[in-house]
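Here are a few notes to read alongside the model. Have a look at the structure first, then go through the points.

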Amino acid sequence: MSFDTVIIGGSYAGMAAGLQLARARRKILLIDAGQPRNRFTSYSHGFLTQDGAPPAEIAAEARSQLMEYPTVEWCTGRVETVTGTADNFLVALADGSTYQARRIILAAGVTDELPGLPGLAELWGKRVFHCPYCHGYELGKESIGVLATSELAMHHGLMLPDWGATTLFLNDAFEPNAEQLAQLKARGTQVEYGAAVRISAQAEGVELVMQDDRVFPLVGLFVAPRIHLSPLVAQLGCELEESPMGCIVKTDAMQATSIPGVFACGDVARAAGSVTFAVADGAMAGLSTHRSLMFGI
């Protein structure tokens, strides 16, 4: 079966891209594995008209509206390979099915690699977070922790005092220099040395236990995970760029990658994860893909 565009990833970015192409009456297929990055959290914040809505509800409503367009098809599955070139891509799924496409939009998102601290993975998206803009307000200006995994923790350590009393737990990951300590002090961030050994849920937040048996009650903990891209990015040979959290796909202002006929949007092509950014980048990718189909550019 042949399509104008196959969109790999059917979350916010992928559906936003699909909507632009659907409204241009282009034949498109969205392929989604059902593993959105924000599936671990109960509520999404910061997206106009949907502030505080459950992520699954936002996605379900978007899909319902998108599927009203007759040129749109949806496939639940996992893409194994993408081969070929512009106007003649071949997309193969794990179940053996294949589809042809003139253009490809990568909206497959990323995988978060969390620190191996016992108890942390179970609290991810509930009491352990990455984005203060998404989750900071609800913590109510109470005691917030930052767990360092690298020097990148300085970013959280300097940001989070706007959301609550902040403690940076160095966790033996790095040691701030004099200038960094002065910056943290100026922001009112406390610094705690030593390694954390576990974290557990409490009635009003979490409890972080240190190697020397010190215990810190917190309303929430922030951490910067490492991100990993889908193997499809390497298969296609897309040029990458380094972000503080790991590599992302390099795109131009039109969301085009270095590979002709391949566009990318959402977390796979932007270091800052946000529903708002994903939708905006997806819309641009859809418009740019349509432009490419019309004019061959």
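1. Some bookkeeping first: Ala, Val, Leu, Ile, Met, Phe, Trp, Tyr, Cys and Pro count here as nonpolar, Asp, Glu, Lys and Arg as charged, and the others, Gly among them, as polar. This is a predicted model, with local features needing pLDDT of at least 70, side-chain atom pairs pLDDT 80 or more, and totals for chains, interfaces and linings using all residues. Residues are numbered from 1 along each chain as its sequence is written, and side-chain values use heavy atoms, leaving out hydrogens and water.

2. On to the cavity lining. For the largest cavity (points on a 1 Å grid over the protein atoms alone where a 1.4 Å probe fits but cannot get out; lining residues have an atom within 4 Å of a point), the lining splits into eight nonpolar, three polar and no charged residues. Among them are His156, Phe222 and Val223.

3. Which elements each supply at least two residues of that lining? They are strand S9 (141-147) and helix H5 (153-159); helices (H or I, at least four residues) and strands (E, at least two) are DSSP runs, numbered from the N terminus.

4. Now helix H8 (residues 275-295). Its 21 residues reach 30 Å from first C-alpha to last, close to the 30 Å expected at 1.5 Å a residue, where the expected span is 1.5 Å times one less than the number of residues.

5. Buried positions (under 20% relative accessible area, 1.4 Å probe, protein chains only) in H8 include Val275, Asp281 and His290.

6. Just after H8 comes glycine 296, with a positive phi near 70 degrees.

Terms used: On a 1 Å grid over the protein atoms alone, a cavity is a set of points where a 1.4 Å probe fits but cannot get out, and a pocket is an open set with protein on both sides within 12 Å along at least five of seven lines; lining residues have an atom within 4 Å of a point. Buried means under 20% relative accessible area, exposed over 50%, partly exposed in between (1.4 Å probe, protein chains only).
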